[in-house]
Amino acid sequence: MTMPRLEIRLDLIAHNARVLVDRLAARGIVVCGVTKATGGSSEVAAAMLAAGVASIGESRLENVEALRRQDVTAEVMLVRSPAPSQVARAVRQVDLSLNSEMAVIDALSLEAFRQGRRHGVVLMVELGDLREGLMPDDVARAAERVLTLPGVKLRGLGTNLACQSGVVPDAANMQELTNLVITVEERLGVALDIVSGGNSANLGWALDERNDLGRINHLRLGEAILLGVDPLDRSPIHGLRTDAFALVGEVIESKRKPAVAWGTLGQTAFGPPSIGGTSGAPAMMNRVIIALGRQDIEPAGLVPPVGVTVLGASSDHLVLDSGPELLPVGAEIGFGVHYAALLRASTSPSVESTYRWSEGSDGARAGAVNGGTI
Ligand SMILES: *Cc1c(COP(=O)(O)O)cnc(C)c1O
């Protein structure tokens, strides 16, 4: 088997997607399954679609192009505004996009008209997280202008929270989105098809039956489907699997060495050194190097096996304290991944993704369905 590799359990991704699609359907919400943390994996997209997501969300056109080459014909939403230089590709590849700049929408309309297509526009509203979106007061005017453009169709409104500033989706900001939808519909005499309330961080709000969901009928879900956790605190979501991904690397050095570095300390390639060894640590340690580095993973986003500690990583070396045992050179070590490590591994050309639809023989997974608070 190739190494390092990202082992992906498609059955667990499909399970998570199915559970969320069903729970949200009961609340009147459809799911767009976001594949961007897997680098636009067509296998993952197919697993999500088989589990009932209504469409696929992607942030990058090269990922969408890869999906299309693998015959993913489902509706695809670009969840980042097309760049002005990429409107022709965007119109060709995706059905609709999230938009916040009139200049981009004008260009999309012109290009779509030229291509004989109609590109869907979801206007993004800024509700406090301070990433993308029109200020609320500007939304009705933008919507009015979109309606005059021949190459685009106003599909709805959306917002995105909890990404840039960690603003939590709640009754107040979600009600503001509903109010804007009502204003636009009344003022312009249209019916908006999509009201996209946000991402995986919205699940706590959306699944809490005490909350009135207003007009919100759509969520864009990546992390919750892929990793089974609530991004707001990374707690497991009830009934979902958190072990659909395992990153496997190979031991290239394994030695007993002093626990603390010696000599005069300057900066490392990645800034100030992480001082290994705390007071009370043993003088010697079982130190293991795995052939993985920051090019492939975010060290803080790795979950090592029980008894093993991640000490740090440079570009190509991941250094572990292997606990009481020295691990043999050539051994395979499996890690769980958080979002940052998943994104990095999926986009590293050195890491190969492998796919399975069932348990198989690897023991890297805990295997349990979660308790969880949502
Ligand atoms: C990445 C992204 C999503 C999906 O976010 P998750 O936290 O992975 O569910 C949804 N919407 C937008 C605009 C995004 O950029």
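Good morning. The count of disulfides in this structure comes to zero. The structure is a predicted model, and I shall begin with its cysteines.

Cysteine 32 takes part in no disulfide, and the nearest cysteine sulfur, in cysteine 163, is 14 Å away. Why does cysteine 163 form no bond with cysteine 32? The closest cysteine sulfur to that of cysteine 163 is the one in cysteine 32, and at 14 Å the separation is too far for a bond; the cut-off for a disulfide is 2.5 Å between the sulfur atoms. A disulfide is, after all, a covalent bond between the sulfur atoms of two cysteines. As for their surroundings, cysteine 32 has a relative accessibility of 0% and counts as buried, whereas cysteine 163, at 43%, counts as partly exposed.

I turn now to the ligand. There are 14 residues around the ligand, and those that come nearest are Lys36, Ser200, Arg220, Gly222 and Glu223. Sorted by class, this shell has five nonpolar, four polar and five charged residues.

Which atoms of serine 200 approach the ligand? In serine 200, an N or O atom of the side chain is 2.5 Å from a ligand oxygen. The side chain of arginine 220 likewise places an N or O atom 2.8 Å from a nitrogen atom of the ligand. With glutamate 223, a backbone N or O atom lies 2.8 Å from an oxygen atom of the ligand. On its own the ligand has 390 Å² of accessible area, of which the protein covers 94%.

My final topic is the salt bridges, which number 18. Let me present some of them.

In one salt bridge, the side chains of arginine 155 and glutamate 75 meet at 3.6 Å, N to O. Arginine 155 belongs to strand β7, residues 152–159, while glutamate 75 sits in the loop between α3 (61–69) and β4 (76–78), so the pair ties together parts that are 80 residues apart in sequence. Are these two partners buried or exposed? Arginine 155 is buried, at 16% relative accessible area, and glutamate 75 is partly exposed, at 30%.

Another salt bridge links arginine 131 to glutamate 132, with the closest N and O atoms 2.7 Å apart. Arginine 131 has a relative accessibility of 40% and so counts as partly exposed.

Finally, arginine 5 and glutamate 7 form a salt bridge through their side chains at 2.8 Å, N to O, and both residues are buried. Through salt bridges that share partners, Arg5, Glu7 and Glu332 are joined into one network.

Thank you for your attention.

Note on methods:
Residues numbered from 1 in each chain as written. Predicted model: local features only at pLDDT ≥ 70, side-chain atom pairs only at ≥ 80, totals over all residues. Heavy atoms only, no water. Buried < 20%, exposed > 50% of the residue type's maximum accessible area, 1.4 Å probe, protein only. Near = heavy atom within 4 Å. Polar contact = N/O pair within 3.5 Å; in protein donor to acceptor, adjacent residues only side chain to side chain. Areas by Shrake-Rupley, 256 points an atom, 1.4 Å probe, with all protein chains shown as cover. Nonpolar A, V, L, I, M, F, W, Y, C, P; charged D, E, K, R; others polar. Salt bridge = Lys/Arg side-chain N within 4 Å of Asp/Glu carboxyl O. Helix = DSSP H or I, 4+ residues; strand = E, 2+ residues; numbered from the N terminus.
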